[in-house]
Each structure stands twice: as structure tokens, then as C-alpha cells.
Amino acid sequence: MAVTQSISDHKRPASIDAGLLAKIWQKLSRNVQLSGLVILAIIFLLSLLPVLRLVLTAIAPGGEIDLAALGSRLTGPSAVRATLNTLDTAFFGALLALAIGAPFAVAVAMTDLPGRRTLGFMLLLPLMIAPQVMALSWLHLFGPSSTLLGAFGLAPTPGTANPLRGRNGIILLYAIQHAPIVFVTLRAGLSRVPRELVEAARSSGSSPRRALLTIVLPMVRPYLVAATALAFVSGVGNFGIPALLGMPVNYLTLTTLIYQRIASFGPSVLPQVAALSVLIAMLALLGVTLQALAMRRTGHRFTAGMPARFALGRWRLPLALLGWLAILFMLVLPALALVTTALIPSFGVPLTWSTVTFSNFEEVLFRQASTSRALRNSAMLAGSAALILAFGAIPLAIGIERFSRLSQRVLHGAIELPYALPGIVLAIACILLFLRPLPLVGSLYGTAWIILAAYLMRFFALAMKPVATAVGQISRDLDEAAAVSGARPLRRMLTITAPLAAPAAVAGALLVFMSAFNELTVSALLWSSGNETLGVVLFSLEEAGLGTQAAAIAVTTIIVVTLLLFLLDRLGKKLPAGVLPWR
């Protein structure tokens, strides 16, 4: 009897615990379902809704599907010519970017080249500098009014055409701007080539060159294809370079054609530019698909082991010197051209100790209302986007972790869609989305809010990637232990996940700020009077013939971006592997 009573007393708490666990499970299930719906709604609003609105306007501008009208908009003479120019410059720019980025990737990832990490870091700077700043620096380097070349008596004859204007200049700057993409992508593959294969080839009598050509390069062929595809996509959507180098000589690509039509006719041509935007998006997604297919073929090509290395021997110093000469030509000389242009009072004045002045910096930073306002607008918009995305990325990354692996891939693909699309396509989508009044807030068109919304959509993926990587590396045992102790989901996020993922969130915020601070592609179509950004003002000053003031703005943005890059590099030790491409 006593034994029976004892057993009964022992079982009662167990039944109570089971009931309590069932209630907790039901509550958690409801919370998970609710949070899942919120996550899907956010991703839909920031990633899918703008694209769907753009496609709907392109194929059904009047509310009914009209493919004939779509075809006529895409087959007009100007559209066909701009399409061919886009494909031409993007393709050859990608090939030249491969020729520049691949040797740097091999040197940094597989050799004992002295200073290779610094060389890799320097090569990545063009990717962080706005395309219009890059174009402006080269224009001031080789133009007939070049202050830098004029100081040495090497400037072209006044009145001669700038050799950078037109097709060849666009291809050259596409290559320099997108070579870092090739470098980062290819280096990821080269760092995984097993050392044993190269050593076996060398022991069999193969020279380093033969081992590189017959073993290493065939193994990283998918990475070569992926890198070229990404460079092509970047060229298709580039606006800053063809705007400064192509528009003055009427060499139009699809992005500059859209800009010209919107600037000339306003919202009345939205169905036409929506069709052109869909064409750009299709070209970009074709390149992204090719890149994804190429990367799917990389998994079976590599085995575990130490990365392969080549000893350069007596060629170490000559090749290092060659690398630094390339950096000097691609980065240092154009930057010096910008600085020297910004330090003279006006074009045509030679650079001497007596003519050096900081009046251009004082004018654009303090005295000129439009430029100082643009500086504040860019800082506020970029900073707001960075803060919002940094704070929102952590709970979103935690919520996405609860989905299945397949669902996670789909959601991350949706998040990356606005970043994969060219910025001008997203700008047109935002105009279509926010032109008509919305409930409670009215129309956002012509306000700074539409630029902020576009930045949130555009750079959503930049903020999410490092945070998602960091959250995925946090052991779930910590969260489960806190849950067993009675901590609610919000408390667990604030006390466990958020502190561990905070460095990655800061890195994502800095990446967003750098990208948005002097961007032009999105804001070129969305700005309005009083809401100018730095990229827009720089472009306007150059078009107005105030190149010295435009150079002062460009130098300022380069200084800001460089300082943020060094800050990111210092933060790199606390970040998950792969967040910073130069580490």
C-alpha cells in the first residue's frame, strides 16, 4: 500500500510536467507561426513587392496584359542601340576585369609574394568607391585640362577630346571597377586547391607555370565563369561610369537611356522605362543564374588539405613591383588627379605653391547650400538605413533560422534579389510603388522618404549576410539552456544572440553606410529639390562645368570610405570568416 502510494505520488508531477510542456509547446508554435508571418511580410515588402510592381507595369501598363506594346518599346531604334552598347561594354569590360583580377588572385592566394595582403586590400578599393567618383578621377587624369599631367608638361593639347569619353573608356573603367569582384570570387576557389595535387605535379617534373595551367586553373574553372558573370552583371547595371563617359558623346547604355527619358519627360514615360528596366533585370538575372550554375559545380572538385602554394624565388620582388605599379596606375594616379584638381581655384590654372587653395573644399562643405545640404542628406539617409537594417537584421536572422534549409535558401535568395538587380531598376520600381498616395502616409514620391525606402531595399542583403553568418555559428545549446531556465524569446535574443552577433551587425551597418553614402544609381531618379545626395550633386557639378568643386566632393567621399574601410579591417578579427573579402 505504501509502495503504491509512493508510485502514485511519483507519477503525478510527471503528468503535470507533460501538460505544462504541452502548453508551452502550443504557445511556442503560435509565436513561431506569428514571427514567421512577420518575416515573410518584411521580405515581401522589401524584396518582392517592388519587383512585382515593375513587372506588372511593363507587361500590363493599362491594367491588361499587352505584350505587343512591350515588344514595341523594346525594339525601338534607341532601345536596340542602347541594348547593344550595354552588352558590348559589359561583356568586354568583364573580360578585361578577368585579365586584371585573376593574376592578383593567384598572387595573393597561392604565392609568397611580399605584401600580398596589402595588395589585395588596395585592389578592393575601386569596388568601395562610387563609379561616378572613379569616372571623374580618370577624366581629370587624362583630359586636356589635367592638373596633374599639366604640372609635368604632359597634358594633352587644349581643345582635344578626352580619350576616356565613349566606348573604350567605359570598358576600361568597368574593368578596373569590377576587377575586385573577379579577385574575391576567384581567390575563394584558389584558396581551396589542395597542396598535395600541386606538390605531386612538381615532383613529377612539372614547372610552376605548367602546374598552374594544367591543374589549378581547370579546377577553378567554375569560379572563373562565376567571376566573369558577376562582372558582366555589374557592368549591365552600372550608371555612374556611362553617365560621365558616355552621355556627353551620346553613347547611351540602357541605364543612361532610362535616365534621359525620365529626366526629359517625367513620370509620363514610366511604362516605357519600366519595359527597359525589365530588360536590364533579365540581363542581370541571366548573369546571376550563370554564376549560380557555375558555383554549383565547385563542391566535388576539392578535397580537404592545406591550400596550394608556389614559391616565386627570384621573381618575388619583380612581381611585387609589377603589382604595385598596377595599383599606382589604377588607383593612385587617378586619386592624385582628383586631389590636384580640387586644390586649384579653377580649370586652366597651373598647380604651383602659390595657386594651391582649399577654397573648393570650403565652398562645397560650408558655403554652398546645395552641396552642404547634400552632405547632410547623404549622411542622414545612409546612416538611417544602416541603423535600421543593423537593428532589424538580428531578429530577422534568428527568425529565418527556424525555417527549413530549403526555405532558408529561398528567403535569402529573395533578400538578395534587390541587390542583384541594377540600382536604376530598383529606382523605377520605387517610383511606381510610391508615386500614388499610400494609406496614412500619402505619396512618398518627391520626398526623402522614397530614397530611404530604396536604400532599405537595395542594401537589405548587405546587412543580412554577415549577421546571418554569425547567427548560424552560434550554438543552439545556449538558447535552449536559457529557454529551460524560463527566459522568454525576447530576453534570449537580447542577452545571448544579440551580443554575440553585434560585431557582424556593426560590420553590416558600415558596409551599408559606405555603399549608400555616395551612391548615384538609385538616387539619380529619386532625388528632388532639397533632397539631393552627394552622388547627385557631384554629377550635377560636373555637368555644369564646375569640375574643381566636383573633385572636392569626390575627394571627401574617398576619405570617408577609406576611413570606414580601415575601421572595418580593425573589426575583422571579431567577425565570422568570409564577411570581409580581403581577409
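The following exchange asks how the terms applied to this predicted model were decided.

Colleague: What makes a feature count in this model?
Modeller: The model is predicted, and local features need pLDDT of at least 70, side-chain atom pairs count only at pLDDT 80 or more, while totals for chains, interfaces and linings use all residues. Residues are numbered from 1 along each chain as its sequence is written, and side-chain values use heavy atoms, with hydrogens and water left out.

Colleague: Why is Glu532 called buried or exposed, whichever applies?
Modeller: Buried means under 20% relative accessible area, exposed over 50%, and partly exposed in between, with a 1.4 Å probe and protein chains only. Glu532 has a relative accessible area of 9%, so Glu532 is buried.

Colleague: What makes the contact of Glu532 with Arg373 a salt bridge?
Modeller: The term needs a side-chain nitrogen of Lys or Arg within 4 Å of a carboxyl oxygen of Asp or Glu. In this pair the closest N and O atoms are 3.1 Å apart, so the contact is within the 4 Å cut-off. Arg373 is partly exposed, because its relative accessibility is 25%.

Colleague: Where do Glu532 and Arg373 of that salt bridge sit in the chain?
Modeller: Glu532 is in the loop between helix 23 (523–526) and helix 24 (534–543), and Arg373 is in helix 16; the pair links distant parts of the chain, 159 residues apart. Helices are DSSP runs of H or I with at least four residues, and strands are runs of E with at least two, numbered from the N terminus.

Colleague: How do you know that Asp112 and Arg316 form a salt bridge, and where are they?
Modeller: Their side chains meet with N to O at 3.6 Å, so this pair too is within the limit. Asp112 lies in the loop between helix 3 (77–110) and helix 4 (116–128), while Arg316 belongs to helix 14, and 204 residues separate these distant parts of the chain. Asp112 is called partly exposed because its relative accessible area is 27%, and Arg316 is partly exposed because its value is 30%.

Colleague: How many salt bridges does a search of the whole structure find, and which residues are linked in a network?
Modeller: The search finds five salt bridges. Glu362, Glu363 and Arg367 are linked in a network of them. Between Arg367 and Glu362 the closest N and O atoms are 3.2 Å apart. Glu362 is partly exposed, because its relative accessibility is 38%.

Colleague: How do you know that there is a cavity, and how many are counted?
Modeller: A probe the size of a water molecule, rolled over the atoms, shows where empty space is left. On a 1 Å grid over the protein atoms alone, a cavity is a set of points where a 1.4 Å probe fits but cannot get out, and lining residues have an atom within 4 Å of a point. The count is one cavity of 30 Å³ or more. About 30 Å³ of space lies in the largest cavity, where a volume is the space filled by probe spheres set on grid points joined across faces, edges and corners.

Colleague: Which residues line the largest cavity, and what kinds are they?
Modeller: Val364, Leu365, Thr371, Leu375, Leu534, Ile553 and Thr556 form the lining. Helix 15 (359–367), helix 16 (369–401) and helix 25 (547–571) each give two or more residues to the lining. The lining has five nonpolar, two polar and no charged residues. Ala, Val, Leu, Ile, Met, Phe, Trp, Tyr, Cys and Pro count as nonpolar, Asp, Glu, Lys and Arg as charged, and the others, Gly among them, as polar.

Colleague: What is notable about the phi of Asn250, and why is Asn250 called buried or exposed?
Modeller: Asn250 has a positive phi of about 60° although it is not a glycine. Most residues other than glycine have a negative phi. Asn250 is in the loop between helix 11 (240–245) and helix 12 (254–265), and is exposed because its relative accessible area is 59%.

Colleague: Why is Ala393 called buried or exposed, and how far is its C-alpha from that of Ala463?
Modeller: Ala393, in helix 16, has a relative accessible area of 1%, so Ala393 is buried. The C-alpha atoms of Ala393 and Ala463 are separated by 6.5 Å, with the two positions 70 residues apart along the chain.

Definitions and conventions
On a 1 Å grid over the protein atoms alone, a cavity is a set of points where a 1.4 Å probe fits but cannot get out, and a pocket is an open set with protein on both sides within 12 Å along at least five of seven lines; lining residues have an atom within 4 Å of a point.
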